[in-house]
Amino acid sequence: MKTIWEQKWLMLMSVPMLLYVLLFNYYPMWGWRYAFQNLDLNNFKQGADWVGLENFQWLFGRDDFLMSIRNTLAMSVINLVFGTLSSILLAILLNEVRTRAFKRTVQTVTYLPHFLSMVIVVGMAQNMFSSNGVVNSLLLSLGIVDQPVFWLGEGKYFWWLVGIINVWKEVGWNSIIYISTMTSIDPTLYEAAAIDGAGRFKRILHVTLPGIKSTFVVLLIMNIGHLMEAGFELQYLLGNPQVYDNSRTIDVFVMEYGVSNGKFGRAIAAGMFKSCVAIVLLFAANFIAKKLDEDTLI
Amino acid sequence: MSVIEAIKRRMKKRDIVFPLVNGLILCLMMFITLYPVLNTVAISFNDGTDAVRGGIGIWPRVFSTEAYRSLFTDEQIYNAFFISVARTVITTVLNVVLTSMLAFSLSRKEYMLRKVITLVMVLTMYVNAGLIPNYLLISKTLKLSKTFWVYIIPTMFSCFNMIVIRTYITGLPEALVESARIDGANDFRIFWQIIFPLCMPVLATVALFVAVGSWNQWFDTQLYNGSKKYLYTLQYLLKMKLATSMQSMNAANTSVDALANATKSTPITIRCAITVVSALPILVVYPFLQRYFVTGMVLGGVKG
């Protein structure tokens, strides 16, 4: 009892936050029960009936939900591959720069888009990729295409546009972790390699790349755990009726059915499916990480 | 002799060629990064009817401030700017004070609830009920929709920031707390008068991230306040203009007369002007505070 009284200030400083988190982060999980009810806007007041797995059956009978799973995974993989490769490339190039001021300038500039809101980024993308935008004029003048391409109006380009925009926005930011790993590589390794006659490319290949290997593996595994998170804002803002079949991710699907159409039960079922797959992926990723930790890492 | 000289010359040539090519590639990357930003600024300063033709680079073709003038005659933009500033400031202050307060109490090893609360907090980083349950809680149970407080109350805490601050506090000398306690200060005073001021470097970083996140947020307006024009934020205003232009772009896709359609929606110059206005605070502040941003990333990287 005495310690409780002594620690009353500590409790006053933390228990309200505990209650806050219980309300805003844990209580909503109770809402998952609606995944098994036919809750929507109409019967919200009087309460819904239990329908068992009907919502899930409905989901998996729908082409647009199955497509949204496909789109989520496809855009995740594209983001993962291009995002990782581009940030490693930028980090390697920056690591070879000897002029301090130039290096810092490049970093300052390439980090910038990370801090712009997705709304702004999509606005800029609309200007860039519109039928008389700069991308089309460039391609026309180079003779690669002979007619303006409707980049934003055709489904087959959508995934790649998302990939390009994400790389543009995050390449600098994602390279930070690789740059800081590279600066911790022992410089004597480079000297030894140079004395042994390794040129610049050999040194990158045999010193820099092995040096970032463990960071790369850790980030890769973490990203596999987040494969269900292809993003929401970009697809939601950039999507339009012509490309919905390729732009709709699970999150967009949940937004459409849950908020716009008021089909709460079905949307929660979709969200729950996503969360469950995500948790399995996370555990799988952690399992792989542990295995690798024993075998190859360090 | 000549062989060695040839090798030397080759080495030298390589040493010039590589940095040059490397520098050029990096300059190209900077150009690609900045081009859309400069292009948007250029379009916003261009004449409206001329801009529809397209093909504007990074410099206005027909200079005009008409877009900004018509933008600033619109009452709504002042209101939206005010709402954006208000939500950013209030959220940042509350979030930083409350999060650091919690971080301090969870950094005290003698605190009996420390383990339990830490566990509950850390688990929030892994479990998330998802969009709809949160939406139902905030709009139906708590009835926060259609109020300004929906911008503030749900965003007062981030576990990640808490861990960053707690790590910093753990690094401070323990003797500070001990001596203050001997002098009779209670835990709240120790936090507020000793620890909080000492945490300024890490709090600056956290505050920046919270502020940028709050400023850039548009989705909560859409979810909860879409029917209340006076609660629109700048980002949401911009989002609305983009949506109309998206529709017209699709119309242009199918119809022959793209020009007629484009003029019906918000003119591209005004859209770009709003983009510039809503990005301006970040563009202005960013170069000076960039090192704080990066410190935050490195702090996070250590933990993550």
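Colleague: Is the crossing of helix 2 of chain A and helix 5 of chain B left-handed or right-handed?
Modeller: Happy to start there, with the note that this is a predicted model. The axes of helix 2 of chain A and helix 5 (residues 114-123) of chain B come within 11 Å and cross at roughly 35°. Their crossing is left-handed.

Colleague: Which residues of helix 5 of chain B make that contact?
Modeller: On the side of chain A, helix 2 brings Ser14(A), Leu18(A) and Val21(A). By class, the residues of this contact are five nonpolar, one polar and no charged. The partners from helix 5 of chain B are Ile117(B), Val120(B) and Met121(B).

Colleague: Which helix gives the largest share of the side of chain A that touches chain B?
Modeller: The contact between the chains takes 71 residues from chain A and 76 residues from chain B. On the side of chain A there are 43 nonpolar, 23 polar and five charged residues. The largest share there, 11 residues, comes from residues 8-26 of chain A, that is, helix 2.

Colleague: Which helix gives the largest share of the largest nonpolar core?
Modeller: This core holds 130 residues, and those touching the most other members are Val122(A), Val254(A), Ala270(A), Ile165(B) and Val206(B). The largest share, 11 residues, comes from residues 155-183 of chain A, which form helix 8.

Colleague: What is Ala270(A) in contact with, leaving aside its neighbours within four places in sequence?
Modeller: Ala270(A) is one of the residues that touch the most other members of the largest nonpolar core. Its contacts beyond those neighbours are Leu59(A), Phe65(A), Ile250(A), Phe253(A) and Val254(A).

Key:
Residues are numbered from 1 along each chain as its sequence is written. Chains are lettered from A and ligands numbered from 1 in the order in which they are written. This is a predicted model: local features need pLDDT of at least 70, side-chain atom pairs count only at pLDDT 80 or more; totals for chains, interfaces and linings use all residues. Two residues are in contact if their C-beta atoms, placed from the backbone, lie within 7 Å. Helices (H or I, at least four residues) and strands (E, at least two) are DSSP runs, numbered from the N terminus. Ala, Val, Leu, Ile, Met, Phe, Trp, Tyr, Cys and Pro count as nonpolar, Asp, Glu, Lys and Arg as charged, and the others, Gly among them, as polar. Axes are lines fitted to C-alpha atoms, for helices over the stretch in contact, and angles run from 0 to 180 degrees between N-to-C directions. A crossing is left-handed if the near helix is turned anticlockwise from the far one by less than a right angle, and right-handed if clockwise. A nonpolar core is a set of buried Ala, Val, Leu, Ile, Met, Phe, Trp, Tyr and Cys residues joined through C-beta atoms within 7 Å. A residue is buried if 20 or more other C-beta atoms lie within 10 Å of its own, exposed if 12 or fewer, and partly exposed in between; C-beta atoms are placed from the backbone.
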